[in-house]
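Subject: Structure for your review

Dear colleague,

Please find below the structure that I am handing over to you. I would be grateful if you could look through it alongside the notes that follow.

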Amino acid sequence: MNRLKIMMLCLLALPALLFSQNVINPGAVWPDDKGEHIQAHGGGIIKLGKKYYWYGEARRADNDPDYRYVGCYESRDLVHWKNRGPALKLSDPEQLGHRWVLERPKVFYNKGSKTYVMYFHLDDARYKLARVGVAIAKTPQGPFKYLKSFRPLGLESRDIGQFIDDDGTAYLIFESRPTKGFYIAALSNDYLDVVKEVCFIRSPLEGGAVVHYKGLYYAIGSALTGWNPNPNKYATAKTLAGPWSEFKDMAPPETNTYGSQSTMMLKVAGTKSTTVIFMADQWKPKTQWDSRYLWMPLQIGDGRLWLPEPQPWILNVKTGEWKSAVR
Ligand code: GAL
């Protein structure tokens, strides 16, 4: 092979090499397979077989303002995402009026009924309704059909989160304002209802997320400051039902969680290691479509949880290992 040919081959291979680098850039624009910034804000992720599905608020600037959209993205490595959405395109389902709210969608897969069940925060413009909405589909990418809305356990519910324990049991996490704290609640067998309070964590927090790591449950949440970031905090418990420890800082408080708000903790258990990813939103309330994602592996274990200073990092979903991308 002559030199020119070798050079040509190298040049051709370069984009593939760069693409295969599984670099996650916290706070950067995160392009999907079409090169567009991912629209899955306040989101959640489930794993089905070898594929991950990321759902969240799709707040494109050119959305039809009469509808609310839920984005759905598919990936095998948690870095390169194929746009499969919108999974839900919904017009005002309960006559809530102009500027009604659909936020923080989370999808559960029910093995029994082979149904994908989506929960989301449904509200009016003044956030007084405080209900969950439920929509269902037969495929992960939908289209999901709206089913109903209700207040879980009869309680006000705003920010929601999802937690699937290692035994597969699914829980809805919801923030309840009058009592100030968040509930961890069990779903019915078909996931279409919220049936049992497992725990109420009394602390004025929202954006609730839970992970089970090496025999301990870790819960995180943010303070109630709307779109503005604040110091997110964590607590631990030996069982989901508690008792839970006091909440402590999970990052230097002056950074306001590096300008982000929690939405989920994702556990990636590989052949060599387990990484727990802090998934958070850096909201831009005036240009919501440009809100960014802050994903960073947590330092977690022995009752401590800490968010290191965000920097580009590389994930290997097979081994569960991660490393910094900064040399
Ligand atoms: C935040 C909440 C967001 C959204 C926002 C509206 O506290 O986490 O999901 O509801 O308030 O101001």
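The notes below concern two sheets and the pairing of their strands.

Please bear in mind that this is a predicted model.

The sheet of three strands

This sheet is open, and its strands follow the order β19-β20-β21 with antiparallel pairing. The edge positions are taken by β19 (261-269) and β21 (292-297); each has a single partner strand, so one side of each is left without a neighbour in the sheet. From one strand to the next, the twist averages 20 degrees. Eight bridges join β19 to strand β20, which covers residues 274-282, and the two run in the antiparallel sense. Within β20, Val276 is the residue that stands opposite Lys267.

The sheet of four strands

Here, too, the sheet is open and the pairing antiparallel, with the strands in the order β11-β12-β13-β14. Why do β11 and β14 each have one side without a neighbour in the sheet? Both β11 (160-164) and β14 (194-201) stand at the edges with a single partner strand each, so one side of each remains unaccompanied in the sheet. On average, and with direction ignored, neighbouring strands of this sheet are turned by 30 degrees against each other. Strand β12 (residues 170-176) pairs with strand β13 (residues 181-187) over six bridges, in the antiparallel sense. Opposite Leu172 stands Ala185, a residue of β13.

With kind regards

Note on methods
Residues are numbered from 1 along each chain as its sequence is written. This is a predicted model: local features need pLDDT of at least 70, side-chain atom pairs count only at pLDDT 80 or more; totals for chains, interfaces and linings use all residues. Side-chain values use heavy atoms; hydrogens and water are left out. Two strands pair if DSSP finds at least two bridges between them. Axes are lines fitted to C-alpha atoms, for helices over the stretch in contact, and angles run from 0 to 180 degrees between N-to-C directions.
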